[in-house]
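I opened this entry to look up the ligand site and the pocket around it. My notes follow in the order in which I checked each point.

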Amino acid sequence: MRFLVDAADIEEIRRAFETYPLSGVTTNPSSVARQGLELPRLLPAIREVIGADAELHVQVTASDAPRMVRDAYSLSELAGPHVFIKVPVTREGIKAMRQLVDEGFAVTATSVFAANQAFLAGAAGVAYVAPYVNRLDEAGGDGETMVRDIATAFATEGLVTVILAASFRDVAQVERCCLAGAGACTLPPALLDGLVAHPLTEDAVARFERDWVARFGSPALLER
Ligand code: E4P
C-alpha cells in the first residue's frame, strides 16, 4: 500500500514528508489556486521539499486534447523528475492520455467516478487511475464499490495500472478502499494523522509510561 499527500501548501507537504512514509504529492487546480503562487514558483518549491525520487502529480487545466498535451510539456519542465500528468477522464482527456502515453509521459487519469472511465484510461496505458471516493459517496453513489470493481477488472486483465484512490472524508473510507484493492491512496494531511490516531494506542502508551515512571521515577530508558 502506498500513500501520497494531497496538498499544495509547502509547509503541510514538508510536515507530512517528515513524518509519514509517502510516495509523493498530488495537487489539483483547486488546491494550487488556494496557494496563490504561480506554478513556476510552486512546483519547483514542492520538488525541493519532496526530493527527486518522490512522485509529483500535477493536473492540466486545458479542456481540449492538443492543449492538454501542451500543458503536460509545461508541467513536466516545472515539476522535475517523477512527474505524473493528471488528466481528467473526459473524451478529450482520453484522447490526450493516449498521445501522452505514446510520447513517454507517466499519466494519472483523474476525476474518475465510474469503473468504465477507469477501464478506458487503463486501456490507454495510464500509470494510475484516481477514483474520487467521497465525492461519489456524497452524490449518492458508492466509492468503495467503484474501487473494488476497478481492482477486480484490472486484476482479471493483468493491467499494471494502479488505483490511486482519492477524495476522502474519513479514515473508514480509506480503510475500506485499501481492502477493496486500491494500490495507493492520496490523503490530505489531517487524514494522514487520522490513520495513525487510535484512543487505545494513546491509552496503551500512557499506561506504559505510568508504570515505568512509578518504578524508575522518570520516563527515560537509561538516564535515571
Ligand atoms: C485527487 O488527486 C484530488 O486532488 C483530491 O483527492 C480531491 O479530493 P476532494 O474531493 O477532497 O477535493
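Before assigning pocket residues to elements, I noted that helices (H or I, at least four residues) and strands (E, at least two) are DSSP runs, numbered from the N terminus. I also noted that the model is predicted.

**Entry 1: the pocket.** I looked up the volume of the largest pocket and found about 400 Å³. The pocket is lined by 24 residues, and D6, N28, S31, R34 and R135 are the closest to its centre. I then asked which elements give two or more residues to this lining. They are α2 (29–35) and β5 (106–112). The largest share comes from α2, with 4 residues. Sorted by class, the lining holds 8 nonpolar, 10 polar and 6 charged residues.

**Entry 2: the ligand and its shell.** I next checked where the ligand sits, and I located it in the largest pocket. I listed the residues that surround the ligand as D6, T26, N28, K86, Y132, R135, A166 and S167. By class, this shell divides into 2 nonpolar, 3 polar and 3 charged residues.

**Entry 3: polar contacts.** I looked for side-chain N or O atoms within 3.5 Å of the ligand's oxygen atoms. For D6, I recorded a distance of 2.9 Å between a side-chain N or O atom and a ligand oxygen. For N28, the corresponding distance is 2.6 Å. A polar side-chain atom of R135 lies 2.6 Å from an oxygen atom of the ligand. Lastly, I looked up how much of the ligand is covered: on its own the ligand has 340 Å² of accessible area, and the protein covers 79% of this.

Methods:
Residues are numbered from 1 along each chain as its sequence is written. This is a predicted model: local features need pLDDT of at least 70, side-chain atom pairs count only at pLDDT 80 or more; totals for chains, interfaces and linings use all residues. Side-chain values use heavy atoms; hydrogens and water are left out. A residue is near a molecule or strand if one of its heavy atoms lies within 4 Å of it. A polar contact is a pair of N or O atoms within 3.5 Å; within protein, one must be able to donate a hydrogen and the other to accept it, and residues adjacent in sequence count only if both atoms are side-chain atoms. Accessible areas come from the Shrake-Rupley method with a 1.4 Å probe; for residues, only the protein chains shown count as cover. On a 1 Å grid over the protein atoms alone, a cavity is a set of points where a 1.4 Å probe fits but cannot get out, and a pocket is an open set with protein on both sides within 12 Å along at least five of seven lines; lining residues have an atom within 4 Å of a point. A molecule sits in a cavity or pocket if more than half of its atoms lie within 2 Å of its grid points. Ala, Val, Leu, Ile, Met, Phe, Trp, Tyr, Cys and Pro count as nonpolar, Asp, Glu, Lys and Arg as charged, and the others, Gly among them, as polar. Grid points are joined across faces, edges and corners, and a volume is the space filled by probe spheres set on the points.
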